Amino acid sequence: MTTENSFKLTYATMFNPPEELHKRFDQALAHLKANLGQDHAMIIDGKETYNQDKLENRFPADTDVLLGTFQKGTAADAQAALAAARKAFPAWSHTPWQERIALVRKAAALMDERIFEMGAVLAMEVGKTRMEALGDVAETADIFRYSCSRMEANNGFINEMGADPLVGYVSTNTSVLRPYGVWLVISPFNFPASLSGGPAATALVAGNTIVMKPASDTPWTSRIIAECFRDAGIPAGVFNYVTGPGSTLGQALIESPEVDGVTFTGSYDVGMKIFRDFGLGRWVRPTILELGGKNPVIVSRHADIETAAMGIMRSAFGLQGQKCSAASRIYAEAPIYDALAARLVELTQNLKIGDPTERAVFLGPVVNKSSYKDYQTFVAEIKAAGKVLTGGQILSEGEYARGYFCAPTVAELPFTHRLWKHEMFVPITTIGKVHSLDEAMKLANDVDYGLTSGFYGTDDEADWFFDKIEAGTNYSNRSQGATTGAWPGFQPFGDWKGSGSSGKNGGGLYYLPLYMHEQSYTRVRKA
Ligand code: NDP
């Protein structure tokens, strides 16, 4: 998103936006609050589709507020959506790629137009601050555009190859990337715009048709994305939007032989189950998994303490620690350990906690009761085995009484404790003292995950860090976020090891081809 005075909104610029953004967000929020409680349909084959059973979408900062109801889709809805996508595939895949990207770019422009409305919805259903919510929408539109520009830059991925030396014949060889067919997108609650819309738009650019199933906590944002596709003129059936529980609707989609490829973003456990279940099909189908993280930050004795503490605080507690990229393990060298820990604690204690739609608030509620309970369980474990430096309790009085509020927590734990390796996904980060960078690196890499990482120290040390760290997305000396805040086209975002399957980063050069398979043609004519 770019405003009249050329401000470009990203996760790195969001800390000091122009006044205009706040004004327009406030207007959109007021309008939204006056229109809550409606029933929202699925979109299957271009038709608004309702069910008798509903999912309730509530505001996690005040669970008395019903944002709206959504359909509890069934296995029959899954089949209908897949059938619609199958029917639409021949025409969409044969639509010239230039026309496909024109429609996806139009959908991005519509999303730009609706950014404040969508940001307000997103903030309320996730419990995200206004700037993080606007960032999620702006990022999504940029992913749409980036996918289009990659298709263009590669001229539709149609390439003439070399000629084989046939005597008496002339041969021409062509390589072309073509879509797979029906693509399933299953997304998590925390980035409901970019992680639903990003893969969906990329699949569409590639020529696939899609079925999109968002998380049950956050169905509304994806509904607006589906509306942008529809209003841009993407034909009925090319995209389908279904809502309902992962364990029933989601499972039915995964078990269907009608799915030709899937992008799943979510937890390690669900992702691995999907990987196994999807593997039971008649042949191997592309499975793009973007899973959890346990992201380390290493702070050298030469680091600038203020930059490090600020970057760590932002990445540990932005979105209440519920980012796959959250900074959840801090390894600091002994000479600066006390100063870093003290400054991190101070910054954390100064955070404004409350209704995330309010301008001054940095930390909202966790998304649901299950995360709220997780927080309490982890805190009890930490208190038994280590030391809470700040935080360590739920907030349940006064303005916090009807929401899932948790105090941001910095804790020390022995390195042998299981929580150093477990993705908590709540506002808790652990910090530990190391005596060398080699020791820190050994600990940093000693987990199954490999999503993001951060480093603070000299430039030479940063080079060493980038060479040794086992993670897909890495940063050094960044105050805007130690481990968070990637942007399409700037910082390709992806996962190594247990954090993902494709080995190629979203928003990067090699992502779009994941949605296509290669075909080669050899044409032989007599000379
Ligand atoms: P979950 O794994 O709980 O859910 C993700 C999605 O899977 C939801 O839409 C869910 O539906 C669905 N689902 C659940 N069970 C099944 C099933 N059996 N078959 C098909 N679909 C199913 O993740 P969360 O929503 O809690 O998101 C948090 C997780 O996502 C964290 O682990 C985080 O690290 C990860 N993540 C990874 C990112 C990355 O890029 N690597 C980015 C963002 C998040 P329902 O909601 O109805 O249960």
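A helix, as the word is used here, is a DSSP run of H or I that spans at least four residues, and helices are numbered from the N terminus. With that in hand, we can place F116, which is found in helix α4. Bear in mind as we go that this is a predicted model. F116 has a relative accessibility of 6%, and because buried means under 20%, F116 counts as buried. If you want a sense of distance, take P188 as a second point: F116 and P188 are 72 residues apart in sequence, and their C-alpha atoms are 21 Å apart in space.

What does helix α4 pack on? Let us look at the sheet first. Three strands form an open sheet with mixed pairing, and their order is β1-β5-β4. The edges belong to β1 (38-40) and β4 (54-59); each of these has a single partner strand, so one side of each is left without a neighbour in the sheet. On average, neighbouring strands of this sheet are turned by 35 degrees against each other, direction ignored. Now the helix can be set in place: α4 (residues 115-127) packs on the sheet, where it touches β4 and β5, and its direction makes about 95 degrees with that of β4.

Within the sheet, β1 and strand β5 (residues 62-71) run parallel and are joined by three bridges. You can pick out the register by finding Q38, which stands opposite G68 in β5. A further helix belongs in this picture: α7 (residues 219-232) lies across β1, β4 and β5, and runs at about 40 degrees to β5.

Next, please find strand β19 (residues 428-434). Is this strand mostly covered or mostly open? Six of its seven residues are buried, so "mostly covered" is the right description by the under 20% cut-off. As for its partners, strand β14 (residues 327-333) pairs with β19 in the parallel sense over five bridges, and I330 stands opposite I431 in β19. Strand β18 (residues 409-412) also runs parallel to β19, and four bridges join the two. Here T409 has I428 in β19 as its bridge partner. In general, strands of a sheet pair through backbone hydrogen bonds, in either a parallel or an antiparallel way.

From strands we turn to a single residue in one of them. S175 lies in strand β7 (residues 169-179) and counts as buried, because its relative accessibility is 8%. Which side chain does S175 meet in a polar contact of 2.8 Å? The partner is the side chain of E518. Leaving aside residues up to four places away in sequence, S175 touches F157, I158, N159 and M161, and also E518, Q519 and S520.

Aromatic rings give another way to read the model. A pair of aromatic rings is described by the distance of the centres and the angle of the planes. The structure holds 17 aromatic pairs. Y400 and F405 form a tilted one, 5.0 Å centre to centre and with 55 degrees between the planes. Y400 and F405 are both buried. In the pair of Y511 and Y515, the ring centres are 5.3 Å apart and the planes stand at 65 degrees, so this pair is edge-to-face. Y511 counts as buried at 8% relative accessibility, and Y515 does so at 0%. Ring pairs link Y511 and Y515 with Y180 and W183 into a cluster.

F405 also leads us to E399, which touches I353, G354 and F405, not counting residues up to four places away in sequence. E399 lies in the loop between β16 (394-395) and β17 (405-406). Is E399 buried or exposed? Because its relative accessibility is 51%, and exposed means over 50%, E399 counts as exposed. Its C-alpha atom is separated by 48 Å from that of E258, which is 141 residues away along the chain.

Finally, the cysteines. How many disulfides does a search of the whole structure find? The count is zero. C148 is in no disulfide, and the nearest cysteine sulfur, that of C228, is 14 Å away. C148 is buried, with a relative accessible area of 0%. C406 is likewise in no disulfide; for C406 the nearest cysteine sulfur belongs to C324 and is 19 Å away. C406 is buried too, with a relative accessible area of 1%.

Note on methods: Residues numbered from 1 in each chain as written. Predicted model: local features only at pLDDT ≥ 70, side-chain atom pairs only at ≥ 80, totals over all residues. Heavy atoms only, no water. Buried < 20%, exposed > 50% of the residue type's maximum accessible area, 1.4 Å probe, protein only. Polar contact = N/O pair within 3.5 Å; in protein donor to acceptor, adjacent residues only side chain to side chain. Contact = heavy atoms within 4.5 Å. Pairing = 2+ DSSP bridges. Axes fitted to C-alpha atoms, helices over the stretch in contact; angles between N-to-C directions. Disulfide = S-S within 2.5 Å. Phe/Tyr/Trp six-rings, centres within 6.5 Å; stacked < 30°, edge-to-face > 60°.
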